[in-house]
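Hi everyone, thanks for having me. Have a look at the structure on the screen, and I'll talk you through a few spots in it.

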Amino acid sequence: MTAPDAWTVQLSPSLVIRVFPQPFDPGVSPLKVTGVPRGSTVRIFTLAGVEVAALGAGAGYRVLWDGRNAAGDPCAAGMYLYLIEPPAGTGASPLHRGKFG
């Protein structure tokens with residue numbers, strides 16, 4: 001059995017989150033998260049819970065992560081956690097949590 005090349009989660013009929021490529025190797029291509037609602041933030045964490053990146057969706061529905069931390073240093077290939085937060089000021093709970101790697 002082969003591993004999927006993307007993780008897809010349907011949160012509602014109109015909200016489908018897709019995280020790819022799987023497995024993620026920052027030396028090969030950026031991580032793409034599509035279906036992210038406008039103004040949301042995707043936060044990337046190590047398995048130990050250390051935040052390595054916070055990426056804003058802005059006006060688009062796609063976020064790219066180049067595999068670098070907030071200081072610009074490359075992160076190792078491996079498993080990471082992500083959290084999709086709604087736009088600031090909405091008071092809503094996080095939209096989705098997951099892992100990739």
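So, let's start at Trp-65. If we skip its neighbours within four places in sequence, Trp-65 is in contact with Phe-24, Pro-30, Leu-31, Ile-44, Val-52, Ala-53, Leu-55, Cys-75, Tyr-80 and Phe-100. Contact here means heavy atoms within 4.5 Å.

Quick word on what you're looking at. This is a predicted model, where local features need pLDDT of at least 70 and side-chain atom pairs count only at pLDDT 80 or more, while totals for chains, interfaces and linings use all residues. Residues are numbered from 1 along each chain as its sequence is written, and side-chain values use heavy atoms, with hydrogens and water left out.

Back to Trp-65: is it buried or exposed? Its relative accessibility is 2%, so Trp-65 counts as buried. The cut-offs are these: buried is under 20% relative accessible area, exposed is over 50%, and partly exposed is in between, using a 1.4 Å probe and protein chains only.

Trp-65 also belongs to the largest nonpolar core, which has 20 residues. By nonpolar core I mean a set of buried Ala, Val, Leu, Ile, Met, Phe, Trp, Tyr and Cys residues joined through side-chain atoms within 4.5 Å. Which members touch the most others? Those are Leu-31, Val-33, Ile-44, Trp-65 and Phe-100. Two or more residues come from each of strand 2, strand 3, strand 4, strand 5 (51–56), strand 6 (62–65) and strand 7. Strands, by the way, are DSSP runs of E with at least two residues, numbered from the N terminus. And as general background, nonpolar side chains tend to be buried together in soluble globular proteins.

Now the rings. How many aromatic pairs does a search of the whole structure find? The search turns up 2. For Trp-65 and Tyr-80, the ring centres are 5.4 Å apart and the planes sit at 75°, so this pair is edge-to-face. Trp-65 is in strand 6 and Tyr-80 in strand 7, so the pair ties together parts 15 residues apart in sequence. The rule is that rings of Phe, Tyr and Trp (its six-membered ring) pair if their centres lie within 6.5 Å, with planes under 30 degrees apart called stacked, over 60 edge-to-face, and the rest tilted. Tyr-80 is buried as well, at 6% relative accessible area. Add Phe-24 to Trp-65 and Tyr-80, and you have one aromatic cluster.

Staying in strand 7, there's Ile-84. Ile-84 is buried, with a relative accessible area of 0%.

Let's switch to charges. The whole structure has 2 salt bridges, meaning a side-chain nitrogen of Lys or Arg within 4 Å of a carboxyl oxygen of Asp or Glu. Arg-43 pairs with Glu-51, where the closest N and O atoms are 3.1 Å apart. Arg-43 also meets Glu-85 in a salt bridge, at 2.8 Å from N to O. That pair links distant parts of the chain, with Arg-43 in strand 4 (residues 41–45) and Glu-85 in strand 7 (residues 80–85), 42 residues apart. So Arg-43, Glu-51 and Glu-85 are linked in a network. How accessible are they? Arg-43 is partly exposed at 23%, Glu-51 is partly exposed at 38%, and Glu-85 is partly exposed at 23%.

Next, Lys-32, over in strand 3. Not counting residues up to four places away in sequence, Lys-32 touches Arg-18, Val-19, Phe-20, Val-63 and Leu-64. Its C-alpha atom is 5.8 Å from that of Val-63, although the two are 31 residues apart along the chain.

Last stop: two prolines. Most peptide bonds are trans. Which kind is the bond from Phe-20 to Pro-21? That one is cis, with omega near 0°. The bond from Gln-22 to Pro-23 is cis too, again with omega near 0°. Pro-21 lies in the loop between strand 2 (15–20) and strand 3 (31–34), and Pro-23 is placed in the loop between strand 2 and strand 3 as well.

That's my tour, thanks for listening!

How values were computed: Helices (H or I, at least four residues) and strands (E, at least two) are DSSP runs, numbered from the N terminus.
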